[in-house]
There are 2 protein chains.
Amino acid sequence: MIKHRAIRDALLGRIVSGEWAPGRVIPGEVDLAREFGCTRATVARALRELVAAGLVERRRRGGTRVLGRSGRDAVVTIPIVREEIEAAGHAYGYERLTVREADPPEPIRQAFGLRPGAAAVHVACLHRADGRPAQVEDRWINAAAVPAVRTQDFRTVSPNEWLVRAVPYTRARHEFRAERPTDRLRGLLDLAPDEWVFVVERRTWREDAGITVAHLYNPADRFRITTRDPVAFGVDPGAG
Amino acid sequence: MIKHRAIRDALLGRIVSGEWAPGRVIPGEVDLAREFGCTRATVARALRELVAAGLVERRRRGGTRVLGRSGRDAVVTIPIVREEIEAAGHAYGYERLTVREADPPEPIRQAFGLRPGAAAVHVACLHRADGRPAQVEDRWINAAAVPAVRTQDFRTVSPNEWLVRAVPYTRARHEFRAERPTDRLRGLLDLAPDEWVFVVERRTWREDAGITVAHLYNPADRFRITTRDPVAFGVDPGAG
DNA sequence: CAGCGTAATATGTATAAGCATATTGTCCAG
DNA sequence: CTGGACAATATGCTTATACATATTACGCTG
């Protein structure tokens, strides 16, 4: 019985049913307010949510127009190995392979916006599920942006978990692809002879400073990523 | 100089700077209203946006609490082959391989919620970039939910493009994974001897009725998916 | 008829005020 | 000391009102 939500859902219904087709200008706030027996403010709030959901577009004097939903956006939750492994009921195992402070390769250097010669920290580690290799994490961390990284040996805590606690970030980008494994990866991940790896590349920034570039290598035979719909109306979508 | 936006950004700053750490309960609406020299309603609107952005959580009597941003959500735009190919400056080519009305395999039948024996339409087709195979599309369409599909031969218009025009959907789910190609796929896509395929599986529903299940097979050597950050504050984020 | 200025209009922002409702904390009874 | 009733409190919802602002439409002028 929450009015703005009832109104929002009623309008949503008219849009998805096709009664109000894309391109159409829907009635104005005052008309809707009269129809639903409420004030303009309440209608405005319902419409604001439809805007946030990407269903309509509003312009002063121009009115509210239904958008043709491209509908191609989806949300992915970037999986964290440890959580995935534990959620599946397996024992999580962590092993640090190498840590070193070094001159990062060119692409990483550019991503961090560092001058040549500036140092960064490289960490490689292995995540296991019930002892079986599940993921190789290969990561560069910008020592200029995260000085504390120099004092970390990552022997017991994985770079991933350390970073989320120690360094807030403001932007992240990911790339998903499949690759031929290197011999080293094939051995570490115990891959089938012809098996490829599913790579998740993760880059994060704090403001404009690059923080980390990670390559997460997963056995392609036992890895996948799933999406869900973009949440249309925030946390509590009501009955809609 | 829009107050609710200025307030929202001010609060955002305190959160991302760490001044208000995750778990902390921030001042109440009345206090903030006094601080910013406005009414409770204006503060409430700013806070509502922070909730939508997933930065804070609000509970009656409990106050407003800063959330530790897991920050693992990202948005993917499911690529449409034709657009990708044309955007890359290549000539797009389309070729229908097969169409038939048939009893769908068990997993598809379940996804559509169909009784055994109910019919569905299967379409396979090939998308090319400058003549070179770029994607094989293998799709089942629920004939019960989309009767018009029976009259389509998909000779010139791809099932994808026909569907977006003909059938609005309300839900979609995707899965990304890498697979060994079948011999048929290897031939169709002109794959390297050891090359795998990157599979995008797409399922859509209208309300509770399954509409289509599509498998989009891409040469793994030349395919990837990228994400972007979830838009924090809708279309017009202001200065934030 | 082209171009410009102005009025009409729909949304955008904000205030003030009241009641609703979930939740927490407290205090009393057993 | 436990459990339940109750009051205090912060958010949640709605109304009524006023002014701001972008944009469109119209009509006047040259």
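**Exercise 1. The second largest cavity**

Which elements of chain B each supply at least two residues of the lining of the second largest cavity?

*Solution.* The model is predicted: local features need pLDDT of at least 70, side-chain atom pairs count only at pLDDT 80 or more, and totals for chains, interfaces and linings use all residues. Residues are numbered from 1 along each chain as its sequence is written, chains are lettered from A and ligands numbered from 1 in the order in which they are written, and side-chain values use heavy atoms, without hydrogens and water.

Step 1. Fix the terms. A cavity is a set of points, on a 1 Å grid over the protein atoms alone, where a 1.4 Å probe fits but cannot get out; lining residues have an atom within 4 Å of a point. Helices (H or I, at least four residues) and strands (E, at least two) are DSSP runs, numbered from the N terminus.

Step 2. List the lining. R139(B), N160(B), L163(B), V164(B), V167(B), Y169(B), R202(B), T204(B), I211(B) and T212(B) line this cavity.

Step 3. Assign the elements. Helix 6 (159-166), strand 9 (197-206) and strand 10 (209-219) of chain B each supply at least two residues. Helix 6 of chain B has the largest share, 3 residues.

Step 4. Add the volume. The second largest cavity has about 90 Å³. A volume here is the space filled by probe spheres set on the points, with grid points joined across faces, edges and corners.

**Exercise 2. The largest cavity**

State the volume of the largest cavity and sort its lining by residue class.

*Solution.* Step 1. The volume is about 100 Å³.

Step 2. The lining divides into 5 nonpolar, 3 polar and 2 charged residues. Ala, Val, Leu, Ile, Met, Phe, Trp, Tyr, Cys and Pro count as nonpolar, Asp, Glu, Lys and Arg as charged, and the others, Gly among them, as polar.

Step 3. Name some members. R139(A), N160(A), Y169(A) and T212(A) are among them. Helix 6 of chain A gives the most, with 3 residues.

**Exercise 3. DNA strand C**

Find the residues closest to DNA strand C and three phosphate contacts.

*Solution.* Step 1. In all, 22 residues surround the strand, and R40(A), R58(A), K3(B), T42(B) and R61(B) are the closest. A residue is near if one of its heavy atoms lies within 4 Å.

Step 2. Check the DNA side. Sugar or phosphate accounts for 70% of the strand C atoms within 4 Å of the protein.

Step 3. Pick out contacts with phosphate oxygens. A backbone N or O atom of E29(A) lies 2.8 Å away. The side chain of T64(A) has an N or O atom at 3.3 Å. For R59(B), a polar side-chain atom lies at 2.8 Å.

**Exercise 4. Strand 11 of chain B**

Which side chains of strand 11 of chain B are buried, and which are not?

*Solution.* Step 1. Recall the rule. In a regular strand the side chains alternate between the two faces of the sheet.

Step 2. Apply it to residues 224-228. I225(B) and T227(B) point to one face and are buried (under 20% relative accessible area, 1.4 Å probe, protein chains only; over 50% is exposed, in between partly exposed). R224(B), T226(B) and R228(B) point to the other face and are not buried.

Step 3. Find the neighbours. Strand 8 (residues 171-179) of chain A runs antiparallel to strand 11 of chain B, joined by 3 bridges. The bridge partner of F176(A) is I225(B). Strand 4 (residues 73-77) of chain B also pairs with strand 11 of chain B, antiparallel, over 2 bridges. Pairing requires at least two DSSP bridges. There, V75(B) stands opposite R228(B).

Terms used
Polar contact = N/O pair within 3.5 Å; in protein donor to acceptor, adjacent residues only side chain to side chain. 1 Å grid on protein atoms, 1.4 Å probe; cavity = no way out; pocket = protein on both sides within 12 Å on 5 of 7 lines; lining within 4 Å.
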